[in-house]
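This briefing concerns the interior packing of one protein model. It is arranged by topic for a reader who has the coordinates at hand.

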Amino acid sequence: MSGGSSEDRRDTRAATERVVNEVAQGLRKLEDGTAWFSLLSPAERRAALQEVAGYAMQAHLTAADGNAGVARSGVKPTANASVMIRMDPPRYGFATLPAEEHINAFRVLVAAFSVADTRRRQTHCKGGCGHSWHNLPTQGDQREVDPGLSRDNLGECLPDSAGWPPSQPQAGRADRGGSARR
């Protein structure tokens, strides 16, 4: 992301993490997440797509998850992003797609990640876990967030409390640029 400060990149990464995990857990609609994504600059969109692709890889997204995600996304199954996510193994080069395909790529990737992350929460984290990204506040606990966050107020998607984002990576997770996978 050329031209942006490291603080802007951290804010965008934290906002991406928050929005994507809220969508994955049903705390935010995919349409609201897409509205937020559409306000990002082209460089921020590429960075967000790379970040979400990393989440999908860490959730061990399968071709079956990709199929279910495409069905949820509302994107045509023949779109590049839809084809990529349904491959076995899935392809993750969404950020390299042409800019006009980034909105569809975000929808497909977040929807497929939601399927994979739900499966992981129900199997590996059944009965509770220490993953901060699996323990977001419920809708009654979180403050209202404008789904159309602008570049100037990306930090607004982060709650005032609840230790978000965590300052330390979770044990057993690789630290990628100062933040654990969410």
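The points below cover the nonpolar core, the aromatic pairs and one helix packing.

The model is predicted. Its largest nonpolar core holds 35 residues, and helix H6 (102-123) is among the elements that give two or more residues to this core. Ring pairs join Trp36, Phe37 and Phe106 into a cluster. Helices H1 and H2 pack with their axes 9 Å apart.

**Nonpolar core**

- Within the largest nonpolar core, the residues that touch the most other members are Leu49, Ile85, Phe94 and Leu109.
- Two or more residues of this core come from each of helix H1 (6-24), helix H2 (30-38), helix H3 (42-58), helix H5 (80-86) and helix H6 (102-123).
- H6 supplies the largest share of the core, namely nine residues.
- Setting aside residues up to four places away in sequence, Leu49 is in contact with Phe37, Phe94, Ala95, His102, Ala105, Phe106 and Leu109.

**Aromatic pairs**

- A pair of aromatic rings is characterised by the distance of the centres and the angle of the planes.
- The model contains three aromatic pairs under the centre-distance rule.
- For Trp36 and Phe106, the ring centres are 6.4 Å apart and the planes stand at 50°, so this pair is tilted; an angle from 30 to 60 degrees is neither stacked nor edge-to-face.
- Trp36 belongs to helix H2 and Phe106 to helix H6, so their pair ties together parts that are 70 residues apart in sequence.
- Trp36 has 0% relative accessibility and therefore counts as buried; Phe106, at 1%, also counts as buried.
- Phe37 and Phe106 form a stacked pair, with 4.3 Å from centre to centre and 10° between the planes.
- Because Phe37 lies in helix H2 and Phe106 in helix H6, the stacked pair ties together parts that are 69 residues apart in sequence.
- Phe37 counts as buried, its relative accessibility being 0%.

**Packing of H1 and H2**

- Two packed helices are described by the angle between their axes and the distance between the axes.
- H1 and H2 pack at an angle of about 160°, and their axes are 9 Å apart.
- That angle makes H1 roughly antiparallel to H2, since angles over 145 degrees fall in that class.
- H1 and H2 cross in a left-handed sense.
- On the H1 side, the contact involves Ala15, Thr16, Val19 and Val23, which meet Leu30, Gly33 and Trp36 of H2.
- Trp36 thus takes part in the contact with H1 and in the ring cluster with Phe37 and Phe106.

Conventions:
Residues numbered from 1 in each chain as written. Predicted model: local features only at pLDDT ≥ 70, side-chain atom pairs only at ≥ 80, totals over all residues. Heavy atoms only, no water. Core = buried A, V, L, I, M, F, W, Y, C linked by side-chain atoms within 4.5 Å. Buried < 20%, exposed > 50% of the residue type's maximum accessible area, 1.4 Å probe, protein only. Helix = DSSP H or I, 4+ residues; strand = E, 2+ residues; numbered from the N terminus. Contact = heavy atoms within 4.5 Å. Phe/Tyr/Trp six-rings, centres within 6.5 Å; stacked < 30°, edge-to-face > 60°. Axes fitted to C-alpha atoms, helices over the stretch in contact; angles between N-to-C directions. Parallel < 35°, antiparallel > 145°, perpendicular 65-115°, else oblique. Left-handed = near helix turned anticlockwise from the far one by under 90°.
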